[in-house]
Amino acid sequence: MAFLEDRAPLRSRMLRAAVICVLCFYLACFLFDLWLLGDVTFLSAVLRFGVMLPIAIALFFYINGRHPIERKENAAILVALLANISWCVILVSSSSPGVLTYYYSAATFQMAITIAAASPFRPALRASLFTFCLNYSAIWFLEGSSPGYVIQHLAVYMPTVIMTLFVSYQLEVEAMSSHLQMQENEALKRELSRQNKDLARLSVTDPLTRLANRRGTEMELARLRTEIPQEAKRVVLLVADVDHFKAYNDAYGHGAGDECLKRVARAMRRSLPVEAHLARHGGEEFLAIFAGADPDMAPALAESLRRAVRQLGIAHGFTGDRNKHVTISVGAACGAIETEGDFDRLLDIADRALYAAKGDGRNAWRVSMAEDAERVVA
């Protein structure tokens, strides 16, 4: 049971403290034996110090060992029952008139078993019943015992039995309620953390294409500048735009247009290296950032994007030109993005390369190596 397992360390600490306290009290009762039961002091010394003390020491070492807490608690209850038996033997063996008064302290064994041992309620209940049967079997063998004395003893003992068992039960119920509340709180924390992560992910994700949005791109730029600034000095930036997308959307409907954008996004994502950042920049425009890349990689990346979309074979009968399928035009630029200004300049260069590719008939790409040096492949 998770409740008992989670409380195992606390139960072990409480059990150690209980064993020490009960043992000290049990040995101290030897002084009462000397005072009230002078005829059995030797027997008392043998049973208390010669028998129970070594057993209690062995129990303490057992409790400190790596054993299941249930076994430790059962061992402690067993030792408490042995101590009760030894005490009954001492009193039954005495002929002192004080034995009847002394026997009222039998209630202390009840408290030790049900409360001091700090065990779960059911084992404590079984041990309490055994203790009750033991004590009221031995009571008839006491010197001077009578039915009237037994009734008087029950009047004191039974409330102790009932109240200690009630307290033991209440303690377990309260501990279980506290455990359940703690588990619920932990579950709520985990759920809240998951929802926060989902919200954080959604805040940087385009809901249609599942690519990063503009905010996601800003976070990627910040990451590059802080975590790998050397790679931010050599970047290939690509801007891709779906050709004649407005005509496609108007002719086939917005549902078809959304599905087209999703397919285009998946195709471009598969065509790029996994470390490249791909985002929906707005509408039918996409942006890719490949950090730590040499400028001569730009043509291959741009062509990879163009080819991936063209190979989808999405029919588009309203292009107004020779291309009867959905295609993209790509503009690429190479440079640094170490600052916001660097990125804006590089993006502007890539945009102009994109418009140049569209001006050349679309389904093409253009790479701008610098503002005044461009290379075109249709």
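Me: In this predicted model, helix α4 (residues 41-64) packs with α5 at an angle of about 180 degrees, the axes lying 10 Å apart. What makes α4 roughly antiparallel to α5?

Reply: Angles over 145 degrees count as roughly antiparallel. The angle here is about 180 degrees, and therefore α4 is roughly antiparallel to α5.

Me: Which residues make the contact of α4 with α5?

Reply: From α4 the contributors are L43, S44, L47, R48, M52, I55, L59, Y62 and I63. From α5 they are R71, K72, A75, A76, V79, L82, A83, S86, W87, V89 and I90. By class, this contact has 15 nonpolar, two polar and three charged residues.

Me: R48 is among the α4 residues of that contact. How do you know that the charged end of R48 sits over the ring of Y26?

Reply: A charge over a ring must have CZ of Arg within 6 Å of the ring centre and within 35 degrees of the ring normal. For R48 and Y26 the distance is 4.6 Å, and the charged end is placed over the ring.

Me: W87, one of the α5 residues in the contact with α4, also pairs with Y102. Why is this aromatic pair called edge-to-face?

Reply: Ring centres must lie within 6.5 Å, and planes over 60 degrees apart count as edge-to-face. The W87 and Y102 rings are 5.9 Å apart centre to centre, with 90 degrees between the planes, so the pair is edge-to-face. The structure holds 11 aromatic pairs, and ring pairs join W87 and Y102 with F32 and Y103 in a cluster.

Me: What makes the pair of W87 and Y102 a link between distant parts of the chain?

Reply: W87 lies in helix α5 (residues 69-92) and Y102 in helix α6 (residues 99-102), 15 residues apart. Both W87 and Y102 are buried.

Me: Why is the pair of Y136 and Y157 called edge-to-face?

Reply: The centres are 5.3 Å apart and the planes meet at 75 degrees. The pair is therefore edge-to-face, as the cut-off is over 60 degrees. Y136 belongs to helix α8 (residues 121-138) and Y157 to helix α9 (residues 147-203), 21 residues apart. Y136 and Y157 are both buried.

Me: How do you know that α8 is roughly antiparallel to α9?

Reply: The axes of α8 and α9 come within 10 Å and cross at roughly 170 degrees. That value falls in the class over 145 degrees, so α8 is roughly antiparallel to α9. Their contact includes Y136 and F132 of α8, and Y157 and L154 of α9. The residues of this contact divide into 11 nonpolar, five polar and one charged.

How values were computed. Residues numbered from 1 in each chain as written. Predicted model: local features only at pLDDT ≥ 70, side-chain atom pairs only at ≥ 80, totals over all residues. Heavy atoms only, no water. Phe/Tyr/Trp six-rings, centres within 6.5 Å; stacked < 30°, edge-to-face > 60°. Helix = DSSP H or I, 4+ residues; strand = E, 2+ residues; numbered from the N terminus. Buried < 20%, exposed > 50% of the residue type's maximum accessible area, 1.4 Å probe, protein only. Axes fitted to C-alpha atoms, helices over the stretch in contact; angles between N-to-C directions. Parallel < 35°, antiparallel > 145°, perpendicular 65-115°, else oblique. Contact = heavy atoms within 4.5 Å. Nonpolar A, V, L, I, M, F, W, Y, C, P; charged D, E, K, R; others polar.
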